Amino acid sequence: MKSYLDQLNSAQLEPTIQIEGPMIVIAGAGSGKTRVLTFRIAYMMSKGIDPFNILALTFTNKAAREMKSRIAAIVGDSEAKNLWMGTFHSVFAKILRIEADRLGYPSNFTIYDTQDSDRLIASIIKEMNLDKDIYKYKQIRSRISSYKNSLITVRAYFQNPELIEADTMARRPRMGDIYKAYVDRCFKAGAMDFDDLLLKTNELLTRFPDALAKYQNRFKYILVDEYQDTNHSQYLIVRALSDKFQNICVVGDDAQSIYAFRGANINNILNFQKDYDDVKVFRLEQNYRSTKNIVNAANSIIDKNQTKLDKVVWTANDEGAKIKVNRSLTDGDEGRYVASTIFETKMQEHVPNSEFAVLYRTNAQSRAIEDALRKRDIKYRIYGGLSFYQRKEIKDVLSYLRLVINPADEEALKRVINFPPRGIGQTTVDKLVVAANGLDRSIFDVIKNLDKVEIKINSGTKARLENFATLIESYQVMNQNADVFELAEHVTKSSGLIREFNKDGTPEGAARMENIEELLNGMKDFVEGQKEIADATGSLAEFLEDVALASDLDNDKGDSDHVALMTIHLAKGLEFPYVFIVGLEEDLFPSAMSMNTRSELEEERRLFYVALTRAEKQAYLTYALSRYRWGKLIDAEPSRFIEEIDEQYLDIVTPIEERRYNPMLDASIFGDVEPNKVSPNKIRYKPAKQLQPKKGTPRKTPENFQATAPKNLKPVSKSSNGSANLFDSKLAVGNIVKHIRFGKGEVLKIEGSGADTKAEIKFETGGNKKLLLRFAKLEVI
Ligand code: ATP
Ligand code: MG
């Protein structure tokens, strides 16, 4: 039992064995905060604390699962099973099911995901005849979300003139009405959105003292990872639950607070010591994750922030390689650089794909990276895009199942009432919605009582609606005896979904069928898995809840070897040996939308700190000089963050733009040129600092770029007669030249002018290549 504690240093050991009372561990990235939490729980259990009394809140369900399996390895499986661990949302969804009654909800309430919320808000905007260009549903949703996370209910909203005025000033005077309609409709549909899971928990704990007492007594020991990113609503829940015993242990790093845009409040961590009496504060300083270069570079970055707690982070790990900084001409080139570097590293170091991560600021950036990885046949996975469960065909199946559990579920019903098509048109659905709103009943109720409701529908449609209701009811009957898998299999066939997807014979249809099959496989797994867990019901309701709260990261079974592509926000808490941070350009990262105030910029900088500190061995920073954004090619400048890193930790690698004009690239990598000979990392030019134009100087264009290019690139100047000026000597057709990578060759043709001058050269090895003279390192011999 003792041995696992030996895997902690003395600073880590202290908080691990401090069980009673309020405490906080504030420490930098990679210093073992999560490890302390994990070991602490194991230690508590070894001291006889009932796992039933321990609640651990993590940032992802995946993190909770990993933690649980580590604890199980120390204390044993059966003990660890009783721990309450998971994200705020998943833990409190379970509690709300138990207590739903008190809040007027059915215990089988549906959880609306963002897609459901978006659809409902969009339809409310339409029903209210509002201009959808002013009332943009996504903006409205995020506004409603921020109200809920600040515990501003509809009533509180209407009592707050400032909020009303702010929305009116934003040309959205009907905001409050939309909020009210949205809340009413969710309630009537027996649905909670993600924010409700926290809001309603707060409501439960404040309105019902006996419920508060019950859960205070239950969760005698509370632990929270990534505390810096809790929002107000989460903060209040933790406060309330820990109030009685005050056995609360939070860990976090103020320098990694990156969710302010979603309501996270960095003050929660800064003020923790004021919230409880006799708070014990622990600090960890030794980083175990990264090389000295990475740790020091990250420190030099975060130093630039004014708002921060003083912290020391050092490592006893190796010096490691310097951080590689790469400039590309375009985002496409950037993608190719990432792909070829991964390819070469894999060849040289013999490492699997899973050791690489590519992190970006916005999801849209993944496309260029994906294209390049695909061309190289490197397997990758994108996290945080549309999750599996949000794909159309999967949502279709799930919507039928949701109706089985909760027929009032409006979004599920609207989705499948006429899919597969069964002759129930949009006009009919609109009439049903109006009738349901008028009667304050669910749409399903209205369908079940068409005779008693005033609604103009012809008898054919009426029969079709009744058939639909009967179909759903037949599934409800089946659900009483069948397991999730059996029911779903039956639903996909009898509803006509399979026929519908099979019908078109297109590759898309086939892909949809494969996904449905995968869903059914997952259900089979779920059913089997649940058999082993004593108190699990294996019910459809439980499956749907898991699915609703599963993030993309959670679905990763770790069964295939792939490069991970994700936003930096999602990468929090994770680590990879090789990390690429791409798109390091002004207006992209830092984001153009986050440069208005110092605090916004500081959040961007923290985001960069998080990204860099994910790397264990090697970090790569990349930027492009131009990039497609909003369908246009935009000039870009290197991010200020590159410049902010102390230069001694950087290795500025040469651009590899000529690859773009080199159709032989793959041949040269795979065949006649040894990989390490073409490694771009061997060729250096001066640091990016000199590349960055001073503020106020014109943006970089191909023409003026030459003026700022490092001297050793030896730019080629413009020539009027179709030849080009190279190193002050003319380059002309027939010249024999030497290229740093391709060797000797003969100039066959010169075309274009100015910065776009290209030469077609026949190399002795590797054949013909077209090179952009501006970048090609040619020497006339
Ligand atoms: P982050 O701030 O990124 O969430 P963290 O502080 O939670 O980081 P951990 O993830 O717990 O840090 O630890 C970082 C890495 O260092 C992990 O791989 C962990 O296993 C390892 N580690 C932590 N402490 C030790 C130790 N005492 N001995 C060996 N390895 C350690
Ligand atoms: Mg951690």
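Which helix gives the largest share of the shell around ligand 1? Helix H2 (residues 33-46) does, with three residues. The legends below go through this predicted model one close-up at a time.

**Figure 1. The whole protein chain, for orientation.** Before zooming in, here's the overall tally: the protein chain holds 31 helices and 25 strands. Of its 781 residues, 44% are buried. Take the contacts between residues at least 6 apart in sequence, and 75% of them turn out to join residues at least 24 apart.

**Figure 2. The shell around ligand 1.** There are 19 residues around ligand 1, and those that come nearest are Gly32, Lys33, Thr34, Arg35 and Tyr288. By residue type, the shell splits into 10 polar, five charged and four nonpolar. Helix H2, as noted, supplies three residues, the largest share.

**Figure 3. A six-stranded open sheet with parallel pairing.** Read across, the strands go S3-S2-S6-S7-S1-S8, and the pairing is parallel. Strand S3 (84-86) and strand S8 (280-284) sit at the edges with a single partner strand each, so one side of each has no neighbour in the sheet. On average, neighbouring strands here are turned by 10° against each other, direction ignored.

**Figure 4. Strands S6 and S7, with helix H13 packed on the sheet.** This view picks out one strand pair of the parallel sheet: S6 (residues 221-224) and S7 (residues 248-252) are joined in the parallel sense over three bridges. Look for Leu223, whose bridge partner in S7 is Cys249. Helix H13 (residues 232-242) packs on the sheet and touches both S6 and S7, its direction making about 155° with that of S6. In the loop between H13 and S7 you'll find Gln246. Gln246 isn't a glycine, yet its phi is positive, near 55°. With 17 other C-beta atoms within 10 Å, Gln246 is partly exposed.

**Figure 5. Helix H3 across strands S2 and S3.** Another helix meets the parallel sheet here: H3 (residues 61-75) lies across strand S2 (54-57) and S3. Helix H3 runs at about 135° to S3.

**Figure 6. A five-stranded open sheet with antiparallel pairing.** The order this time is S24-S23-S22-S21-S25, and the pairing is antiparallel. Strand S24 (767-772) and strand S25 (778-780) are the edge strands, each pairing on one side only. Neighbouring strands are turned by 40° against each other on average, again ignoring direction. Inside the sheet, S21 (residues 736-739) and S22 (residues 743-751) pair in the antiparallel sense over four bridges. Ile736 has Glu746 as its bridge partner in S22.

**Figure 7. The S16-S17 hairpin.** Strand S16 (residues 615-629) and strand S17 (residues 632-635) pair in the antiparallel sense over four bridges. Ser626 stands opposite Asp635 in S17. Two residues separate the strands of this hairpin, and Trp630 in the turn has a positive phi of about 50°.

**Figure 8. Helices H7 and H10 crossing.** Helix H7 (residues 137-149) packs against helix H10 (residues 175-188) at an angle of about 75°, and the axes are 11 Å apart. That angle makes H7 roughly perpendicular to H10. From H7 come Ile140, Arg143, Ile144 and Tyr147, which meet Met175, Ile178, Tyr179 and Tyr182 in H10. Sort the residues of this contact by type and you get seven nonpolar, one charged and no polar.

**Figure 9. Helix H27, mostly covered.** Eight of the 10 residues in H27 (residues 540-549) are buried. They are Leu540, Ala541, Phe543, Leu544, Glu545, Val547, Ala548 and Leu549.

**Figure 10. Two cis peptide bonds before proline.** One cis bond joins Phe419 and Pro420, with omega about -5°. Pro420 sits in the loop between helix H20 (410-416) and helix H21 (426-439). Another joins Phe589 and Pro590, where omega is about 10°. Pro590 belongs to the loop between strand S15 (576-581) and helix H28 (598-612).

**Figure 11. Asp377 in its loop.** Asp377 lies between helix H18 (366-375) and strand S13 (380-382). Although Asp377 is not a glycine, its phi is positive, about 60°. Asp377 counts as exposed, with 8 C-beta neighbours inside 10 Å.

**Figure 12. Glu643 and Ile301.** Glu643 is part of helix H29 (residues 640-644). It counts as partly exposed, with 14 C-beta neighbours inside 10 Å. Glu643 and Ile301 are 342 residues apart along the chain, and their C-alpha atoms are separated by 9.4 Å.

Methods:
Residues are numbered from 1 along each chain as its sequence is written. Chains are lettered from A and ligands numbered from 1 in the order in which they are written. This is a predicted model: local features need pLDDT of at least 70, side-chain atom pairs count only at pLDDT 80 or more; totals for chains, interfaces and linings use all residues. A residue is near a molecule or strand if its C-beta atom, placed from the backbone, lies within 6 Å of it. Ala, Val, Leu, Ile, Met, Phe, Trp, Tyr, Cys and Pro count as nonpolar, Asp, Glu, Lys and Arg as charged, and the others, Gly among them, as polar. Two strands pair if DSSP finds at least two bridges between them. Axes are lines fitted to C-alpha atoms, for helices over the stretch in contact, and angles run from 0 to 180 degrees between N-to-C directions. Two residues are in contact if their C-beta atoms, placed from the backbone, lie within 7 Å. A residue is buried if 20 or more other C-beta atoms lie within 10 Å of its own, exposed if 12 or fewer, and partly exposed in between; C-beta atoms are placed from the backbone. Angles under 35 degrees count as roughly parallel, over 145 as roughly antiparallel, 65 to 115 as roughly perpendicular and the rest as oblique.
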